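Let's walk through this one together, starting inside a sheet and working outwards to the whole assembly. Keep the viewer open as you read.

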Amino acid sequence: MNNIIEVKNLTKKFGNFIAVNNINFNIKKGEILGFLGPNGAGKTTSIKMINGLLKITSGEILVNGMDANKNRKELKKIMGYMSQKFSLYPLLNSLENIEFFGGVSGLSRKTIKKKEEEIKNMVDPLLLRQNVKDIPPGIRQKISLFVCLMTDPEIIFLDEPTSGVDPEVRRNFWYEIYDLKIRGKTILVSTHNLDEVEYADRILILHHGDLIVEGEPGGLLKKHKKNSIEDLFKDAISNHEQN
Amino acid sequence: MRIFYLVKKEFIEIFRQKELLPLLFIAPIIQIILFGYIVKTDVENIPVEIINLSKNKTSYRIINRIKNTPLFNVKKISYKNRDSISTLKKGNIKAVIIFRDSFNKNKNILKYPEIQILMDGTDSNTSSIAAGYFNGILKKYILSDIEKMDKKLSIENKTLIRFNPALKSINYMGPGIVALLLTIVSLFLASASIVREKEQQTMDTLLISRLTSIEIYIGKALPIAIIGIINMSFSISVVMIWFKIPIRGNLFILFISAIIFLTAILSYGLLISTIVSTQQQALFFSWFSMITFILLSGLFTPTENIPSSLQFLVKINPLSYLIKIIREIFLKGNGIEYFYKDLLCLSFITILVISISISNFKRLISK
Amino acid sequence: MNRIRALIIKETLHILRDPTSLLIVFLMPILMIIIYGYCINFDLNNVNAGIIDLSNGENSKKLIKKFTNNRYFTIKDLREKYSDPLKEGEKLLKSGHLKEIIIIPADFSKKIEKGRKTEVGIILDGSDSNVANLIYQYNELILLDFQDDFQNLNNFLKIKTKVLFNPDVKSSFFFIPGLIAVLLLMITTLLTSLTISREKESGSIELIFISPLKSFEIILGKTIPYIFVSLIVEILILLSGKILFNIPFRGNMMVLFVFSILYIITGLSLGILISTIASTQETAMFATLLTTLLPSIMLSGFIFPLDSLHPILKGFSYIVPATYFLKIIRGVVVKGAEIKHFIFEGIILTVFPIVLITISNIKFSKIRERSK
């Protein structure tokens with residue numbers, strides 16, 4: 001498998017604060033990569049640098065072998081992004097949100113209509129006509145993912161997609177992520193729910209901007225002789241803090 | 001085409017805030033009507049107390065005169081000396097007029113009581129006008145007495161009033177208030193529009209879409225501009241129909257000037273919105289700017305009174321130009337040759353603000 | 001009580017965590033006092049007037065001198081400059097360079113000499129009716145004064161005018177205390193007007209709803225922390241008024257302090273009410289601007305004397321809180337008035353917050369009920 005994204009010596013500073021400290025990793029085409037770490041570890045910052053929302057302080061990101069910074073316009077077309085808290089417009093209903101995001105992403109009117117029909121088969125149409133601020137978080141998450149996938153992106157960034165929803169919804173959400181993988185998409189998921197990472201092909205653990213662990217979940221457990229990801233995570237973080 | 005979706009979304013967001021709609025469209029009209037009646041600084045009905053210690057007949061006649069002028073509202077007449085200072089401190093009475101019998105020793109045939117007027121000087125404007133008026137009333141009274149004695153000498157003041165012959169203040173203030181409401185509505189909407197996206201975390205989604213920064217900027221400004229223009233047309237109609245103020249000049253030039261002004265205010269509002277991080281901060285900034293724009297625009301007080309070291313504040317205030325232009329067009333019916341300089345200055349300010357605003361917005365986008 | 005304390009602490013933290021807003025709240029009023037204090041002036045000086053003297057006699061020159069030696073007017077002799085002074089004068093009037101043209105007829109000087117009736121023609125720019133009215137009054141005064149010189153009216157009548165509290169008739173004595181009152185109301189209302197609607201927008205209001213706190217306690221908990229912020233603001237603006245503009249503090253500061261606490265609570269309660277009603281921050285912002293900005297400037301006696309208002313509008317002024325505090329602050333600061341002068345105003349300023357908080361409480365409980 002070839003690398004679809006290569007991250008080299010990536011650093012982000014906000015003033016004197018180092019949010020991401022010289023990290024290196026690759027993402028292979030068609031894999032699910034789990035981004036792990038406590039709040040403020042630098043997960044969102046890294047994602048935003050890769051998808052172009054934040055400027056890079058230093059380092060390099062290659063997507064499909066192209067310099068991400070120089071080919072923003074091209075790359076926008078193959079990337080999908082679902083930000084924290086499912087950022088939909090609370091005063092618009094779901095259909096209007098879909099129409100809006102479809103429209104500003106450059107979809108044709110016909111495609112947007114087709115997408116609207118599609119969602120109507122997935123979610124109760126009554127709920128679709130309610131303003132987003134009044135619908136349950138589970139549905140909001142579903143709509144948000146749908147919006148993210150509307151342009152049929154190759155690489156999908158999901159930033160804390162499962163925060164604030166109940167365990168059942170969370171499980172169903174992961175089935176959908178698997179489904180995406182089967183369709184050949186590359187997926188980067190950040191989360192702080194440790195029990196979720198076992199679904200990922202590979203995980204990265206970030207702490208204070210440093211990349212401290214990288215590998216397959218099963219392999220990592222064997223290597224560090226741990227029973228659960230949780231133990232591994234706690235251990236890695238306390239080790240890193242001592243250094 | 002993409003921008004159409006953004007404009008549509010902005011409109012839905014505004015129109016779905018049900019409590020906001022009447023505030024945006026009806027409240028301004030009510031305020032115009034209400035304030036149309038207020039804005040006259042003609043001083044009248046000053047509450048006075050009269051203390052008449054004189055038994056002279058003329059004192060009664062002069063008191064009658066005072067009662068009949070619209071300037072004073074005689075609240076109380078007493079015939080004993082009272083603590084006038086305490087009365088004035090309470091603030092319900094603004095002046096105390098005292099008549100005393102201490103005649104001049106001159107050999108004049110006419111005898112007048114000595115008159116003393118105590119004014120509350122807190123409101124400097126009112127008190128100096130009132131004092132002047134009061135002296136005038138008395139002097140005229142004496143002059144008419146003298147005239148009866150056939151010793152007349154009088155100069156008639158024949159005044160011809162141009163542009164607003166009935167001296168109706170609404171004619172002057174009404175058009176200005178239209179400009180004021182245009183400022184309030186558009187500045188406020190613009191200052192909230194970007195920071196709201198930041199607060200509800202939709203900004204990122206907007207930025208990652210195919211929209212270019214200029215498209216986002218225009219998509220934000222356009223709906224507010226449309227609402228502003230609708231609002232202005234409403235309020236101009238109210239001013240023209242309700243207050244029967246004729247528009248003497250060119251309505252087209254008026255709208256062009258208003259649109260230039262609107263562009264400046266919108267870019268300024270979007271600039272605020274780009275800089276701040278919460279809607280509360282946006283509220284404070286736009287509120288502060290609004291009061292400054294209003295008070296330094298010449299709407300309520302002539303700008304000539306501002307000290308020359310601070311005149312630049314008027315010069316950079318876009319509202320001061322619009323108010324001047326609006327008045328030229330409404331009241332005087334002046335053509336563009338009378339205010340092309342103001343229009344040029346306004347346009348210059350607009351270009352300046354818009355370029356600062358856009359460059360700032362671009363910087364926000366590429367953090 | 002413990003529960004309320006927790007909420008107060010949370011709100012206080014919220015205030016302190018946003019130093020930018022805090023800085024704006026403290027700095028802006030001072031900036032405003034400075035700018036407006038220096039810039040706003042109601043006195044009318046140096047009105048540009050053109051004179052066309054057709055009489056050119058001794059008496060007409062005397063009259064012109066009266067106009068010239070007066071701080072109200074800056075006189076321009078139009079006849080000296082233009083061949084057709086009337087036509088040019090009218091043009092200058094139209095462009096706003098002149099506010100009035102004074103025309104003295106050819107037979108003026110002679111008629112005065114003979115003690116006969118005569119006239120002066122004046123063309124006045126009426127577009128700003130207030131200014132026009134003032135100019136008209138000034139003209140009258142000068143003309144009367146001129147006649148006075150011939151008649152010695154003062155021999156007949158002695159008028160003593162005494163201006164109390166503000167003998168130099170400075171408009172800053174009027175304006176600065178008023179500005180303090182208006183700013184204070186606007187700031188306090190702005191402070192609380194977004195608190196509840198912000199929580200509604202972010203959804204965190206649900207957390208408050210399910211807490212064991214009573215609605216009334218929630219509202220108090222959201223109001224109390226801002227009292228301190230507002231008091232600091234008040235002290236800052238009073239000080240800048242005193243230091244920069246030499247406003248005398250003739251009265252007892254404690255009196256002012258007591259009333260201002262009532263006034264501050266009124267503003268905060270008004271903000272809370274707006275915040276309870278509005279469901280988005282944007283609505284709350286706009287409602288705040290509309291209820292505080294123009295009414296406080298125009299309906300409180302801040303610029304336009306209330307006594308001269310139309311009776312219906314005067315009725316409106318009674319529901320504007322600034323009206324009452326304006327009276328108090330001007331009374332205490334400029335006139336040295338005492339508590340006994342403001343019993344009525346004090347009662348009203350106590351009733352205001354009680355009513356506002358009660359309505360907010362009812363409204364808030366309703367929303368809470370509905371969300372269940």
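A:Leu204 stands opposite A:Glu214 in β10(A). The model is a predicted one, so local features need pLDDT of at least 70, side-chain atom pairs count only at pLDDT 80 or more, and totals for chains, interfaces and linings use all residues. Residues are numbered from 1 along each chain as its sequence is written, while chains are lettered from A and ligands numbered from 1 in the order in which they are written.

Back to that pair of strands. Strand β9 (residues 202–207) of chain A runs antiparallel to β10(A), with five bridges between them. Strands here are DSSP runs of E with at least two residues, helices are runs of H or I with at least four, and both are numbered from the N terminus; two strands count as paired if DSSP finds at least two bridges between them. In general, strands of a sheet pair through backbone hydrogen bonds, either parallel or antiparallel.

Zoom out a little and you get an open sheet of six strands in chain A, ordered β6-β7-β8-β3-β9-β10, with mixed pairing. Its edges are β6 (79–82) and β10 (210–215) of chain A, each of which pairs on one side only. On average, neighbouring strands of this sheet are turned by 15° against each other, direction ignored. Helix α1 (residues 43–50) of chain A packs on the sheet, where it touches β3 (32–36), β7 (155–159), β8 (186–191) and β9 of chain A, and its direction makes about 155° with that of β8(A). For these angles, axes are lines fitted to C-alpha atoms, for helices over the stretch in contact, and the values run from 0 to 180 degrees between N-to-C directions. Contact, here and below, means that the C-beta atoms of two residues, placed from the backbone, lie within 7 Å.

Now for some other strands of chain A. Strand β1 (residues 3–14) of chain A and strand β2 (residues 17–28) of chain A are antiparallel partners over eight bridges, and A:Asn3 stands opposite A:Lys28 in β2(A). What joins β1(A) and β2(A)? They form a hairpin with two residues between them, and A:Gly15 in the turn has a positive phi of about 65°. β1(A) also runs antiparallel to strand β4 (residues 58–63) of chain A, joined by five bridges; there A:Thr11 stands opposite A:Ser58 in β4(A).

Taken whole, chain A has nine helices and ten strands. Its radius of gyration, taken over C-alpha atoms, is 18 Å, close to the 18 Å given for 243 residues by the globule rule, so chain A is as compact as a globular protein of that length (the rule is 2.2 Å times the number of residues to the power 0.38). As for confidence, the mean pLDDT (the predictor's confidence in each residue, from 0 to 100) of chain A is 83, and 99% of its residues reach 70 or more.

How do the chains meet? The contact between chains A and B takes 23 residues from chain A and 20 residues from chain B. Helix α3 (residues 94–104) of chain A gives the largest share of chain A's side, six residues. Of the two pairs of chains that touch, B and C have the most contacts. Chain A and chain C do not touch, and their nearest C-alpha atoms are 8 Å apart.
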